[in-house]
Amino acid sequence: MHKKTKLIHGGIFGDPHTGAVSTPIYQVSTYKQESVGNFKGYEYSRTGNPTRHALEELIKDLENGKAGFAFGSGMAAITAVMMLFDSGDHVVLTDDVYGGTYRVMTKVLNRMGISSTFVDTSKVENIEAAIQENTKALFIETPTNPLLKVTDIQKASLVAKKHNLLTIVDNTFSTPYWQTPINLGADIVLHSATKYIGGHSDVVAGLVVVNSEKLAEELHFVQNSTGGILGPQDSWLLMRGIKTLGLRMEATEKNTRRIVDFLESHPFVGKVYYPGLEDHPNHEVAKQQAGGFGGMVSFDIGSAEKADKLLARIKYFTLAESLGAVESLISVPARMTHASIPAERRAELGIVDGLVRISVGIEDVEDLIADLKQAIEG
Ligand SMILES: *Cc1c(COP(=O)(O)O)cnc(C)c1O
């Protein structure tokens, strides 16, 4: 099955009980038992719900894994995955992971005795150097945000395997439409489905796919024990979003390339960060391991004042956190998503005050370019 077909026909196509082509929203918490312990596969909706199950089967198929799990947010998904580990365990992570991942590792899970080290995983040799005796997992986010660094998943997972670590990949930016980490050696893939998978800025959700029955059993135990599940309405919204994931990713890709060309050639724009650019340090890896470069671009407009001027004039890029939706979004990482990182650390990472991040939507690209042009030249 090719990818766009799989988006429609993967998982459980239609409803096995009624034949409904769109999986019904089973708005239910409990299920009638014919006699004690004699039930039709579902007993209580924290443990399992048919709408959520249909979504979990679908994401499992899209990521080529053994089992899928849906959570109430990307952070709930990440936290549940970390609950696979014990007090005393250590995890190596990409240094510019999503801020929420950094926060949960350093402010919450550390209190439970799970420690972490953050390294630039786009240079694979850094991973090996960070591994300790008690390291249990390597957590990679690729591409990252806002600087779009790319880690070689295959090489990184080989290092992890050599040391008996699980490889976990946050695949939010690429989605299974462009990148399937399990095929490259990952054990666990996860998503903030709030972004491209949902795609319409109308649902907060997280998804996890694992590559073995053992991990499936362990994660289901955690999901059922800690309870951070996704509800049936939101599960349905994600399935609806996934049907057009391919169309949206293709349209975003086309628009993004045109916008990057425009930004690259504009004299007022400094450095442009986009893995599709040949001078991007990880361009070759990005090209090899993913079918597309995605819709996230960052560029340096020179200063916070210039960024503010641009934001005041821009019309079709909505000033907002988040990304990956049909509408184009714009943000200033230094004062928004990455404001909690100390200024010196931001400077080290390259997140300068004039850095502007855009998430390219699926509007007509002529309008987007004209809008950027007038806002930049304003
Ligand atoms: C948004 C995001 C998350 C967190 O997901 P939520 O759905 O907001 O909880 C995790 N990883 C990445 C890469 C994200 O962009």
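Visitor: What makes the approach of Lys195 to the ligand a polar contact?

Guide: In this predicted model, a polar side-chain atom of Lys195 lies 2.6 Å from an oxygen atom of the ligand. A polar contact is a pair of N or O atoms within 3.5 Å, and the Lys195 pair, at 2.6 Å, therefore counts as one.

Visitor: Which distances do the side chains of Thr194 and Ser192 show to an oxygen atom of the ligand?

Guide: For Thr194, a polar side-chain atom is placed 2.6 Å from a ligand oxygen, while an N or O atom in the side chain of Ser192 is 2.9 Å from an oxygen atom of the ligand. With the limit set at 3.5 Å, these pairs are therefore polar contacts as well. As for cover, the ligand taken alone exposes 380 Å², and the protein buries 92% of that.

Visitor: Which residues surround the ligand most closely, and how many are there in the shell?

Guide: The shell holds 13 residues, the closest being Gly74, Asp170, Ser192, Thr194 and Lys195. A residue counts here if one of its heavy atoms lies within 4 Å of the ligand. By class, the shell comprises five nonpolar, five polar and three charged residues, and helix H3, residues 74-82, gives the most to it, with three residues.

Visitor: How do you know in which space the ligand sits?

Guide: The test is that more than half of the atoms of the molecule lie within 2 Å of the grid points of a space, and by it the space taken by the ligand is the largest pocket. That pocket has a volume of about 790 Å³. Of the 38 residues lining it, the closest to its centre are Tyr98, Gly99, Gly100, Thr101 and Thr337. The elements that give two or more residues to this lining are H3, helix H4 (99-108), strand E6 (188-192) and helix H13 (343-349), and H4 provides the largest share, seven residues. The lining has 13 nonpolar, 15 polar and 10 charged residues.

Visitor: Why is a space called a cavity and not a pocket, and how many cavities of 30 Å³ or more are there?

Guide: A space is called a cavity because a 1.4 Å probe fits there but cannot get out, whereas a pocket is an open set. By this rule there are two cavities of 30 Å³ or more. The largest cavity holds about 60 Å³ of space, and its lining includes Thr142, Pro143, Val150, Gln179 and Phe293. In that lining there are six nonpolar, five polar and no charged residues.

Note on methods: Residues are numbered from 1 along each chain as its sequence is written. This is a predicted model: local features need pLDDT of at least 70, side-chain atom pairs count only at pLDDT 80 or more; totals for chains, interfaces and linings use all residues. Side-chain values use heavy atoms; hydrogens and water are left out. A polar contact is a pair of N or O atoms within 3.5 Å; within protein, one must be able to donate a hydrogen and the other to accept it, and residues adjacent in sequence count only if both atoms are side-chain atoms. Accessible areas come from the Shrake-Rupley method with a 1.4 Å probe; for residues, only the protein chains shown count as cover. On a 1 Å grid over the protein atoms alone, a cavity is a set of points where a 1.4 Å probe fits but cannot get out, and a pocket is an open set with protein on both sides within 12 Å along at least five of seven lines; lining residues have an atom within 4 Å of a point. Helices (H or I, at least four residues) and strands (E, at least two) are DSSP runs, numbered from the N terminus. Ala, Val, Leu, Ile, Met, Phe, Trp, Tyr, Cys and Pro count as nonpolar, Asp, Glu, Lys and Arg as charged, and the others, Gly among them, as polar. Grid points are joined across faces, edges and corners, and a volume is the space filled by probe spheres set on the points.
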